[in-house]
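Q: Could you take me on a close look at one part of this model and then work outward from there? I would like one connected walk through it, with the values at hand.

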Amino acid sequence: MVNRKRPIILRCPVTAEERSLIEQKMAQLQTKRIGAYLRKMAIDGYIIYVDTRDIKEINKLLSAIGRNINQIAKRVNAGGPTYQADMEEIRERLDQIWQLQRRILLSQR
């Protein structure tokens with residue numbers, strides 16, 4: 001107990017219904033650590049969860065486009081041809097990015 005980051009332990013008895021409500025709220029934030037959740041709620045009083053799945057998807061698509069462009073540039077610099085299929089794949093991924101951006105903007109309204 002001497003080397004613990006948080007040496008003070010607080011205990012708070014709850015009913016089965018209260019425990020269920022706490023777990024439901026934890027599920028909304030996709031957290032499984034009750035200690036972290038209770039500490040955050042006790043100190044700040046509220047938690048704001050931001051869904052970043054669309055942004056992560058955009059980053060993944062941008063990375064794929066970057067890799068494709070690097071491969072094409074390498075081939076062209078080595079004297080090789082460019083392929084229409086490569087350009088089409090880049091266009092398709094850009095279209096996916098635009099669709100995700102529109103969905104993010106519409107969800108913010």
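A: Let's start at tyrosine 46, which sits in the loop between α2 and α3, the latter helix covering residues 53-77. This is a predicted model, so please read every value below as computed from it. Is tyrosine 46 buried or exposed? Its relative accessibility is 55%, and because the exposed class begins over 50%, tyrosine 46 counts as exposed.

Tyrosine 46 also has company at the surface. Together with Ile48 and Val50, Tyr46 makes a nonpolar surface patch of about 370 Å². The domain assignment helps to place these residues: domain 1 is given as 13-48 and domain 2 as 52-108. The centres of the two domains, taken over C-alpha atoms, are separated by 40 Å.

Two C-alpha distances help to relate tyrosine 46 to other parts of the chain. Going to serine 107 takes 61 residues in sequence and 22 Å in space. Going to lysine 56 takes ten residues in sequence and 25 Å in space.

That second partner is a handy way into helix α3, where lysine 56 is found. Lysine 56 has 57% relative accessibility and therefore counts as exposed. Isoleucine 55 is found in helix α3 too, and with a relative accessible area of 45% isoleucine 55 is partly exposed. From isoleucine 55 to isoleucine 97, the C-alpha atoms are 9.5 Å apart, with the two positions 42 residues apart in sequence terms.

Following the chain onward, we reach tyrosine 83 in the loop between α3 and α4. Tyrosine 83 is partly exposed, at 44% relative accessible area. Where does tyrosine 83 stand relative to valine 14? The two are 69 residues apart in sequence, and their C-alpha atoms are 65 Å apart in space.

Next comes helix α4, residues 84-107, and with it some charge pairing. How many salt bridges does the structure hold? The count is seven, and two of them can be described here in α4.

One joins the side chains of glutamate 88 and arginine 91, at 3.2 Å from N to O. These partners lie three residues apart in α4, about one turn of the helix. Glutamate 88 is partly exposed with a relative accessible area of 34%, and arginine 91 is partly exposed with 43%.

Another joins arginine 93 to glutamate 89, with 2.7 Å from N to O. Here the partners are four residues apart in α4, again about one turn of the helix. Arginine 93 has 25% relative accessibility, and glutamate 89 has a relative accessible area of 28%. The partly exposed class lies between 20% and 50%, so arginine 93 counts as partly exposed, and glutamate 89 is partly exposed as well.

Now let's step back to the other side of tyrosine 46, towards the start of the chain. In α1, residues 16-28, arginine 19 forms a salt bridge with glutamate 23, and the closest N and O atoms are 2.8 Å apart. Why are the two about one helical turn apart? Because they are four residues apart in helix α1, the separation comes to about one turn. Arginine 19 is partly exposed, with 41% relative accessible area, and glutamate 23 is partly exposed, with 39%.

Beyond α1, arginine 33 is found in the loop that leads to α2, residues 34-44. With 58% relative accessibility, arginine 33 counts as exposed. Arg33 also belongs to a positive surface patch, which is formed with Lys5, Arg6 and Arg39. Patch members take part in no salt bridge, so the arginine of the α1 pair, Arg19, which forms a salt bridge with glutamate 23, could not be counted in such a patch.

That brings us round to where we began. Tyrosine 46, in the loop between α2 and α3, is exposed at 55% relative accessibility and shares its nonpolar patch with Ile48 and Val50. If you keep that loop in view while turning the model, arginine 33 can be found in the loop between α1 and α2, and tyrosine 83 in the loop between α3 and α4.

Key. Residues numbered from 1 in each chain as written. Predicted model: local features only at pLDDT ≥ 70, side-chain atom pairs only at ≥ 80, totals over all residues. Heavy atoms only, no water. Domains from an automatic or database assignment. Patch = residues over 30% accessible without salt bridge, like charges linked within 9 Å, V, L, I, M, F, W, Y side chains within 5 Å. Areas by Shrake-Rupley, 256 points an atom, 1.4 Å probe, with all protein chains shown as cover. Salt bridge = Lys/Arg side-chain N within 4 Å of Asp/Glu carboxyl O. Lys, Arg positive; Asp, Glu negative; His and termini not counted. Charge placed at Lys NZ, Arg CZ, Asp CG, Glu CD. Buried < 20%, exposed > 50% of the residue type's maximum accessible area, 1.4 Å probe, protein only.
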